[in-house]
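User: Hi, I'm new to reading protein models. Could you walk me through this one with some questions and answers?

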Amino acid sequence: MDSMTIPTELTMDADDACALSLECWRLSLIAELLKDSTQGPGLRHAVRRITETLKGMGIEAVDFVGRPYDAGMVPEVVDVREDQGLPEGRAIIDETIAPTVTWRGLVIKPGQIIVKCSSLRSQEHTKVVE
């Protein structure tokens, strides 16, 4: 055995932390799709362990799906879809393309979202920008 000492603490730069968080989020979506398969429990366990490790480092992926949309939100709006089923003037986040990544509550990478609005006229009221 050589004299190299194994470090007790490692560091990760923000880009790598964002990439790891994004891939863990993607795995969580796959795990949800496979929840009833034989691979589901193992994949969910792996995702849970990676998520816990990231949280221990202060890193979290925030998925805004289902929340009301506000023009001052951090994620970038990549598409706006009309939904006649929504009450007039309402907009909600329909899909997350990429989650917002935070470190100790501070945004280190804004996410990307798709918003649905009650009508095209509602977009003007909510100031949703494509």
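User: In what order do the 3 strands of the open sheet come?

Analyst: First, a quick heads-up: this is a predicted model, where local features need pLDDT of at least 70, side-chain atom pairs count only at pLDDT 80 or more, and totals for chains, interfaces and linings use all residues. Residues are numbered from 1 along each chain as its sequence is written, and side-chain values use heavy atoms, with hydrogens and water left out. Helices (H or I, at least four residues) and strands (E, at least two) are DSSP runs, numbered from the N terminus, and two strands pair if DSSP finds at least two bridges between them. Here the pairing is antiparallel and the order is 1-4-5.

User: Which strands stand at the edges of that sheet?

Analyst: Look for strands with a single partner, because those have one side left without a neighbour in the sheet. That description fits strand 1 (59-62) and strand 5 (106-109).

User: How many bridges join strand 1 and strand 4?

Analyst: These two run antiparallel, with strand 4 covering residues 100-103. You can spot Ala61 standing opposite Val101 of strand 4. The number of bridges between strand 1 and strand 4 is 4.

User: What angle does helix 1 make with strand 1?

Analyst: Helix 1 packs on the sheet and touches strand 1, strand 4 and strand 5 (contact means heavy atoms within 4.5 Å). Axes are lines fitted to C-alpha atoms, for helices over the stretch in contact, and angles run from 0 to 180 degrees between N-to-C directions. On that basis, the direction of helix 1 and that of strand 1 make about 50°.

User: How many residues lie between strand 4 and strand 5 in their hairpin?

Analyst: Strand 4 and strand 5 pair in the antiparallel sense over 3 bridges, and Trp103 sits opposite Leu106 of strand 5. In the turn, Arg104 has a positive phi of about 50°. The number of residues between the two strands is 2.

User: How far apart are the end C-alpha atoms of helix 1?

Analyst: Work out what to expect: the span should be 1.5 Å times one less than the number of residues. For the 20 residues of helix 1 that gives 28 Å. The model agrees with this, as the end C-alpha atoms are 29 Å apart.

User: What covers the buried residues of helix 1?

Analyst: Buried means under 20% relative accessible area, exposed over 50%, and partly exposed in between (1.4 Å probe, protein chains only). In helix 1 the buried residues are Ala17, Cys18, Ser21, Leu22, Cys24, Trp25 and Ala31. Their cover includes helix 2 (40-56), strand 1, strand 3, strand 4 and strand 5.

User: How close are the N and O atoms in the salt bridge of Glu23 with Arg26?

Analyst: A salt bridge is a side-chain nitrogen of Lys or Arg within 4 Å of a carboxyl oxygen of Asp or Glu. Glu23 and Arg26 are 3 residues apart in helix 1 (residues 14-33), so about one helical turn separates them. Glu23 is partly exposed at 39% relative accessible area, and Arg26 is partly exposed too, at 37%. Their closest N and O atoms are 2.9 Å apart.

User: How many residues apart in sequence are the parts tied together by Lys116 and Asp94?

Analyst: The side chains of Lys116 and Asp94 meet in a salt bridge at 3.7 Å, N to O. Lys116 lies in strand 6 (residues 112-117) and Asp94 in strand 3 (residues 91-98), so the pair ties together parts whose separation in sequence is 22 residues.

User: Which residues are linked in a network of salt bridges?

Analyst: One pair to start from is Asp79 with Arg81, whose side chains meet at 3.7 Å, N to O. Asp79 is partly exposed at 27%, and so is Arg81 at 32%. The whole network links Asp79, Arg81, Asp83, Asp94, Glu95 and Lys116.

User: Is Ser118 buried or exposed?

Analyst: Ser118 is found in the loop between strand 6 and helix 3 (120-126). A polar atom of the Ser118 side chain lies 3.4 Å from the backbone oxygen of Pro87, and one lies 3.0 Å from the backbone nitrogen of Gly89. With 2% relative accessibility, Ser118 counts as buried.

Conventions
Polar contact = N/O pair within 3.5 Å; in protein donor to acceptor, adjacent residues only side chain to side chain.
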